[in-house]
Amino acid sequence: MGFDRRFSIGLALRLIMAMACLAALAWALMTPDLGAVRILCAIGAAVSAMALWHHVRRANFELARFVEAIEFGDLQARFARPGSDSGFDQLGAALDRGIRKLRDDRVRLQEASRFYEALADDAPAALLTIAPDGRIEPVNKAARKLFNRHAGVRPDDYAPYGGHFAATLTALEPGRSQTMLIETDIGPQRVLIRCASLTRLGGATRVIAVQVIQQALNAVEVAAQSDLIRVLTHEIMNSMTPVTSLARTASDLMAQADDGGDPLIADARAAVDSLARRADGVMHFVETYRTITRPPLVDRRLFAARPFADELAKLFAADADRASVHLDVRVSPADHRIDADPDLLAQVVINLLRNAADAAECHRDRPEVSLSIAAISAGRTRIEVADNGPGVPEALRHDIFLPFFTTKKTGSGIGLSLGRQVLLAHDGTIEIDSAPSGGALFRLTL
């Protein structure tokens with residue numbers, strides 16, 4: 001190293017000069033009548049000693065400055081002094097390179113830290129940290145969005161999402177996972193909870209990841225239903241097609257053979273005609289249900305809620321059978337905009353309005369139906385359709401969304417199933433509750 005060589009040479013020269021001055025001073029002291037020489041030798045020895053001390057102190061001073069700059073995080077310090085002697089310019093340049101390397105490393109670490117912070121903040125799973133003292137804090141956007149119904153940082157403060165969930169936060173051990181239902185803004189949602197442990201500031205911090213899986217479970221359920229229906233309808237149609245054809249052929253042959261008016265042939269022909277009509281009905285029935293095996297194509301866009309609600313009210317009023325039903329429409333706020341496919345959403349809501357009217361008409365002298373559209377948190381929309389009918393029993397509230405299931409004598413059992421598919425395609429939910437009037441309340445969240 002150039003600094004080491006030049007520093008050593010400078011140190012050696014100053015040491016030799018100091019020793020020479022001391023030797024001269026000793027000689028002058030032993031020789032009489034050399035007072036002036038003694039003074040000059042003493043001054044030379046003092047100057048040499050000071051030069052030697054300054055030379056060594058300067059190196060220590062620069063190194064101490066470097067250590068202090070690192071200790072206090074001052075990575076903008078400069079050490080190079082162009083034109084200095086004895087290799088200190090090289091020492092300063094080396095220290096500057098060290099500072100620059102540390103500064104570059106800090107920038108890379110800060111960039112990596114910002115990247116991982118953004119990655120955690122945008123992660124789809126809600127992340128919570130539980131400090132050793134029990135303090136619970138949301139880490140990312142998903143957590144702040146999901147857990148927005150409480151104030152506080154203790155496990156008991158998370159009781160609004162379910163007592164079992166609050167207890168799980170403290171009881172779940174690192175490396176374990178659990179599924180459960182929690183209460184959210186859009187109703188009960190099944191979640192998968194995982195726990196991990198990290199060391200932070202010398203203590204063990206638990207990280208809780210909460211992944212909402214309700215939508216995925218619903219999608220899997222609907223897909224399984226669609227696959228089953230697709231297979232069944234295919235097999236039924238394959239079986240019924242020859243039955244229909246043979247029944248028609250048999251009816252035609254009997255008509256040709258019945259020249260003498262044989263009553264037995266006439267009865268047989270009537271039976272075959274009935275069989276043919278029933279087979280046609282089954283074919284039409286199966287063809288109708290094949291529509292729910294095709295997932296809806298969503299053309300999502302923003303549109304005004306007030307005109308949308310008014311158009312639904314006009315469609316409802318245009319049905320002559322609903323003249324006795326009072327429809328109450330509310331939109332809050334008046335300028336709210338919905339992010340959805342307006343055509344698909346209108347199909348779902350108008351079907352709910354008609355079902356509500358049917359239920360209210362059969363149960364009340366003054367049937368009433370209400371449509372409410374409101375903005376909720378995070379830019380989402382809640383649509384509620386309620387009636388003053390008999391309501392839906394608790395035991396049937398899940399079944400009514402199944403294909404083919406209906407409580408109406410003339411119902412097809414596909415309206416609510418299709419509505420559920422539309423809401424799932426919007427990453428939303430549809431659920432049923434009891435209305436304040438005692439009837440049914442369908443709640444759509446998207």
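Residues are called buried here when their relative accessible area is under 20%. With that cut-off in hand, a good place to start in this predicted model is a pair of aromatic residues: both Tyr161 and Phe165 are buried. For Phe165 the relative accessibility is 1%, well within what counts as buried because the limit is 20%.

The aromatic side chains deserve a little more time. A pair of aromatic rings is described by the distance of the centres and the angle of the planes. The count of such pairs comes to eight. In one of them, Phe147 and Phe165 have ring centres 5.4 Å apart and planes at 15°, so this pair is stacked. The two residues bring together distant parts of the chain: Phe147 sits in the loop between helix H4 (141–146) and helix H5 (163–171), while Phe165 belongs to helix H5, and 18 residues separate them. Phe147 also counts as buried, because its relative accessibility is 6%. Phe165 takes part in a further pair, this time with Tyr161; their ring centres are 6.4 Å apart and their planes stand at 85°, so the arrangement is edge-to-face. Through ring pairs, Phe147, Tyr158, Tyr161 and Phe165 are linked into a cluster.

Tyr161 also leads to the nonpolar cores. The largest of these has 39 residues, and those with the most contacts inside it are Ile338, Leu345, Val349, Leu353, Leu371, Ile373 and Leu444. The element giving the most to this core is helix H9 (residues 342–361), with 10 residues. Val349 offers a helpful view of the surroundings: leaving aside residues up to four places away in sequence, Val349 touches Leu312, Leu371, Ile383, Val385 and Leu444. Apart from this core lies another, of 21 residues, and among them are Ile136, Tyr161, Cys195 and Ile208.

A charged residue that invites a closer look is Arg382, placed in strand S10 (residues 381–387). Arg382 is buried yet has no salt bridge. The nearest side chain of opposite charge is that of Glu384, 4.7 Å away, and the pair is not a salt bridge because that term requires a nitrogen-to-oxygen distance within 4 Å. Beyond four places in sequence, the contacts of Arg382 are Asp185, Ile186, Ser372, Ile373, Ala374, Ile376, Arg443, Leu444 and Thr445. Two of these neighbours, Ile373 and Leu444, are also listed among the residues with the most contacts inside the largest core.

Elsewhere, charged side chains do pair. Side chains of opposite charge can pair when their charged atoms come close. The count comes to 14 salt bridges. One of them joins Lys141 and Asp122 at 3.1 Å, N to O. This pair links distant parts of the chain, with Lys141 in helix H4 and Asp122 in the loop between helix H3 (88–121) and strand S1 (126–130), 19 residues apart. Lys141 counts as partly exposed, at 46% relative accessibility. Another salt bridge is formed by the side chains of Asp299 and Arg301, at 2.9 Å, N to O. Asp299 is partly exposed with a relative accessible area of 46%, and Arg301 is partly exposed with 37%. Arg330 and Asp328 likewise meet in a salt bridge, with an N to O distance of 2.4 Å. Here too the partners are partly exposed, Arg330 at 42% relative accessibility and Asp328 at 30%. Salt bridges that share partners also join Glu384, Glu394, Arg397, Glu431, Asp433 and Arg443 into one network. Glu384 and Arg443 in this network thus bring the description back to Arg382, whose nearest oppositely charged side chain is Glu384 and whose contacts include Arg443.

The final region is helix H10 and the residues after it. H10 is mostly covered, as eight of its 11 residues are buried. These are Leu416, Ser417, Gly419, Arg420, Gln421, Val422, Leu423 and Leu424. In the loop between helix H10 (415–425) and strand S11 (429–434) lies His426, which counts as buried at 1% relative accessibility. The side chain of His426 reaches back to the backbone oxygen of Val422, at 2.8 Å. Apart from residues up to four places away in sequence, His426 touches Val298, Arg300, Ala340, Asp341 and Leu446. Just after H10, Asp427 takes a positive phi of about 60°.

Methods: Residues numbered from 1 in each chain as written. Predicted model: local features only at pLDDT ≥ 70, side-chain atom pairs only at ≥ 80, totals over all residues. Heavy atoms only, no water. Phe/Tyr/Trp six-rings, centres within 6.5 Å; stacked < 30°, edge-to-face > 60°. Helix = DSSP H or I, 4+ residues; strand = E, 2+ residues; numbered from the N terminus. Buried < 20%, exposed > 50% of the residue type's maximum accessible area, 1.4 Å probe, protein only. Lys, Arg positive; Asp, Glu negative; His and termini not counted. Contact = heavy atoms within 4.5 Å. Core = buried A, V, L, I, M, F, W, Y, C linked by side-chain atoms within 4.5 Å. Polar contact = N/O pair within 3.5 Å; in protein donor to acceptor, adjacent residues only side chain to side chain.
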